[in-house]
Amino acid sequence: MKLTTLLIGLCSASALAFAAHAETLTIATVNNGDMIRMQKLTDDFTAKNPDIQLQWVTLEENVLRERVTTDIATKGGQYDVMTIGNYEVPIWAKQGWLLELNNLGADYDVDDLLPAIRGGLSLDGKLFAAPFYGESAMIMYRTDLFEKAGLKMPEKPTWEFIGEAARKITDRNAGISGICLRGKAGWGENMAFLTAMDNSFGGRWFDEKWQPQFDQPEWKNTLQSYAELLKDAGPSGASSNGFNENLTLFQQGKCGMWIDATVAASFVSNPKDSTVADKVGYAIFPNKEGINNHGNWLWSWNLGVPAGSQKAEAAQKFIAWATSKHYTELVAEKEGWANVPPGTRTSLYKNENYEKAAPFAAPTLEAMNAADITKPSVKPVPYTGGQFVAIPEFQGLGTTVGQLFSAVVAGQMSVDDALAQAQQVSVREMTRAGYIK
Amino acid sequence: MATRQTRSLARLMLAPSVVLLLIWMIVPLAMTLWYSFQNYNLLNPVMRSFAGFDNYRYFYTDPAFFESIANTLAIVVGVLLITVIGGILLALLLDQPIFGQGIVRILVISPFFVMPPVAALIWKNMIMHPGYGVLADVARSLGLQPVDWFAQYPLLSIVIIVSWQWLPFATLILLTALQSLDEEQKEAAEMDGANFFNRFRYLTLPHLARAITVVILIQTIFLLAVYAEILVTTNGGPGYATTNLAFLIYRTALLSYDIGGASAGGVIAVVLANIVAIFLMRAVGRNLER
Amino acid sequence: MARAISTRRKTVTTVVAWLVALIIFFPILYTIITSFKTEPEAIAGISLIPSGTFENYIEVQAQRDYFRPFLNSVVISLGSTLIALLISVPAAWSMAFSPARRTKDILMWMLSTKMMPAVGVLVPMYLIFRDTGLLDTRTGLTIVLTLVNLPIVVWMLYTYFREIPGEILEAARMDGASTLKEIVYVLTPMAVPGIASTMLLNIILAWNESFWTIRLSAANAAPLTAFIASFSSPQGLFWAKLSAASTLAIAPILIMGWFSQKQLVRGLTFGAVK
């Protein structure tokens, strides 16, 4: 009798142990196309890992960032896997909030990750997040409109050429703007573009003593050229256009040029969504005559695990799957090579199928290799970053400055006023945060 | 005897909600006060220390601070004006005999059921978008340049969106009040040969006074805290044109993750809200006593 | 003669009223229409006749399950409303029928708690929720929504109860009814319309509360406000899909509102009617 009881007890205990082993991972992601595609393909993962269940929290970028930051900083423990940018990774890793990813499996091939991307996700040689896709920025332009206007895109276009070409192509009656650029306020919207543009103008956010540089000629040149360019050749409502609005405009054939993230290339060249799919050319991010800097734009969306996670092993398994070569092949098989998440692995750019399917592969790789986040400006700087400054204060500061600059585009503030206020705000914030002694 | 028993029973019945609200108010308020005297940035927890009044000084010297108070008041006053005046007109209209009254009323109150972020998304993308919005289409078909609402009239755009959400509420309350107006009184006034405007001025409007004060009171409470509409549409810009106090605190708390600063802002906002409340009670409370 | 004039007048007011009503309703109507368009149609300029595709709804559902957030919204808005009523009916009752010297002050103080900007106390609240294990639970959200709306509920009930004439009470007391009986048999029937409309208003407010519900939930308890937050500004064309998601998010409460419109209006006076 006693034996049976014991046996039953053992059985139920092992059943319990098994049940406890079936883990549920809660994954926080951003609601862009590649991430949503991943959610649809997870059957492949759960088939291989029947003991792991996946649960998604999909949010719009700003809300997502707000949620995961609050959660990780207060150790709320709501998420097992977080989608974060390469802006957050080094800052969080420094705080000891992220788990080192050292258990990604034998066939993961870490050395295949693009060096620039991998560098941005590592601290002291340890990897703290795995890249899902990566991007730099480049020019996308309409080959037909260029031809019609008798223009030819040079190999390394300067801002001067871009300005001329944009004004020449603009045809208000036909509803075509020469150039579409981000104008919507936000550190990840207009300030991403303007910071990169300022880099290519030879400028910087801060000097070696963390003094803001908005009172310097480079920023004035940058903002002036940008505002005039949008006024002469930009679309209406430019001050509320972000990445997505410009993407729509370009796909509808309303823009002659668009300078933005390289991931956009796969959307504008996709005949399903784009009316100009076969008429898009690509060129490297412009620079100012004589300054060897093409913006240094580098962004990646990555998957990371909060330190102290109870489900670290399962979480790493999932991350290894989602960022593996195998996943790339899975997408290629189901949705075609043009739709695989770009910009993370060297091997992808050596793949013939990809090159054939994606005419933007070579310019994307070129742009990504040109970006150097350890040296964003030609002048010396105390920070790393590219289209952002990798300090915790940048989100708030960048957005405030972005509001001022977007007021310039909206015609509600002069360039000089905006710069003066930006300088004042930055000095204030940096003093408060203890950078300026 | 009976009264004393009733009294203590009354206190007993009152107790749960008072105690709960007391906790709900005191605990977060105490924590907010505590944090407002701390240097506490969520992204830099190591640097935590006592801050004295630094956070307050920092918050109220924010370049956007005074503009944000002005914007807060502009939103409250603007929306109140539109909803009260619009609400009276609508209530007068709906009080008339019309065909399909039920359906008309349903259509008019519908915006009240729409959650604020959805309302903002709809207005931003469907109605006010300078490229694809309905208003832009209408402007173009009339041969006019489409208005870029959020760049040219940012604060007005916000006021319009929020007014659209609150107009049904005002209309409903005013309409209920209007319908309680004595038919006999109305007819008597008509008999006396009072024209429409006189009837409105001397009979209807005084009768609506209480309803109007109620609308003002309830809406003010909600309007002081408007932020979702701003976050979705303009992000407080261009410049600081649409940054109100609630949004400024939001920016400090969830973009800069400056908990100390945001807490100080929260305390300042509570103080200001209470000033408004006292002011309102003075004006409104008397009206309610009658 | 007089009759002809009044009919003509009725026709004119009808036309004006319908016109105004349609303008006010237009943003919602257009969203519903757009949700049945294809993406290129949605931005092709104003048109009131969609091609009638259900594609957007299918895609929205494929992207994010609708039913769980829907269920969460139902549970937390109904739950918080019921709890709020349980707490506030006795409170409002006692304030209305045995007013003390401080009743007015207590009421005003309750209302003033609503003026505190939520975001200022987010981090303290998040910490409390973390320590009590309430993060991302329906219980947690129900508690918060109850407290957020309690002041309005108490106030609304108070103003309604106060309209009930005291003489009825006196009469009941004369007949020797106890306080309990007085409440159950005499006053409650009279108070039902007020309670009903308070309940409806609170359900609407709870359904649409979009600060705490997004910030304190993750995967399990996320209601429709979080559902909609995953559809604003993704990549590419999204007008039609956004419209479909918006329609899904507001439809339940809109339909409830339409059907219960009469009950909502009857008690929605806040003491404005004397």
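In this predicted model, chain C is assigned two domains: domain 1 covers residues 2–59, and domain 2 covers 65–230. Taken over C-alpha atoms, the centres of domain 1 of chain C and domain 2 of chain C are separated by 35 Å.

Chain C also carries a record annotation. An unreviewed UniProt entry gives "transmembrane region" at residues 12–33, 74–94, 106–129, 141–161, 182–207 and 238–259 of chain C. Here are two of those spans, as they come out in the model.

| Span of chain C | Distance between end C-alpha atoms | Helix and strand content |
|---|---|---|
| residues 12–33 | 28 Å | 100% helix, 0% strand |
| residues 74–94 | 30 Å | 100% helix, 0% strand |

Now for who touches whom. Between chain B and chain C, 81 residues of chain B meet 74 residues of chain C. On the chain B side, helix α1 of chain B (residues 2–36) puts in the largest share, with 17 residues. That side of chain B, the one touching chain C, splits into 65 nonpolar, 12 polar and four charged residues.

Chain C has a contact with chain A as well, and this one takes 20 residues from chain C and 22 residues from chain A. Helix α6 of chain C (residues 122–132) gives the largest share of the chain C side, namely four residues. Sorted by class, the side of chain C that touches chain A holds 11 nonpolar, six polar and three charged residues.

On to the interior. Which residues touch the most other members of the largest nonpolar core? That core counts 310 residues, and the ones in question are V81(A), M140(A), L174(B), V215(B), A92(C) and L157(C). The top contributor to this core is helix α7 of chain C (residues 138–162), with 16 residues. If you want to zoom in on one spot, try V215(B): leaving out residues up to four places away in sequence, V215(B) touches V84(B), G87(B), A170(B), I173(B) and L174(B). So L174(B), itself on the list of residues touching the most other core members, is one of the contacts of V215(B), as a result of the 7 Å cut-off between C-beta atoms placed from the backbone.

Chain A is a two-domain affair too, with each domain built from two stretches of sequence: domain 1 takes 19–135 + 298–357, and domain 2 takes 137–297 + 374–432. The C-alpha centres of domain 1 of chain A and domain 2 of chain A are 28 Å apart. How many residues of each are in contact with the other? There are 11 from domain 1 of chain A and 11 from domain 2 of chain A. On the domain 1 side, α5 (88–94) and β6 (130–135) of chain A are the elements that supply two or more residues. By class, this side of domain 1 of chain A comes to eight nonpolar residues, two polar and one charged.

Finally, strand β3 of chain A (residues 81–85). Is β3(A) mostly covered or mostly open? Four of its five residues are buried, so by the 20-neighbour cut-off within 10 Å the strand is mostly covered. Strand β1 of chain A (residues 23–30) pairs with β3(A) in the parallel sense over two bridges, and A28(A) stands opposite M82(A) of β3(A). Strand β11 of chain A (residues 299–304) runs antiparallel to β3(A), and four bridges join them. In that pairing, T83(A) faces L303(A) of β11(A).

Definitions and conventions: Residues numbered from 1 in each chain as written. Chains lettered and ligands numbered in written order. Predicted model: local features only at pLDDT ≥ 70, side-chain atom pairs only at ≥ 80, totals over all residues. Contact = placed C-beta atoms within 7 Å. Nonpolar A, V, L, I, M, F, W, Y, C, P; charged D, E, K, R; others polar. Domains from an automatic or database assignment. Core = buried A, V, L, I, M, F, W, Y, C linked by C-beta atoms within 7 Å. Buried ≥ 20, exposed ≤ 12 C-beta atoms within 10 Å, placed from the backbone. UniProt positions renumbered as here; feature names shortened; annotations may be inferred. Pairing = 2+ DSSP bridges.
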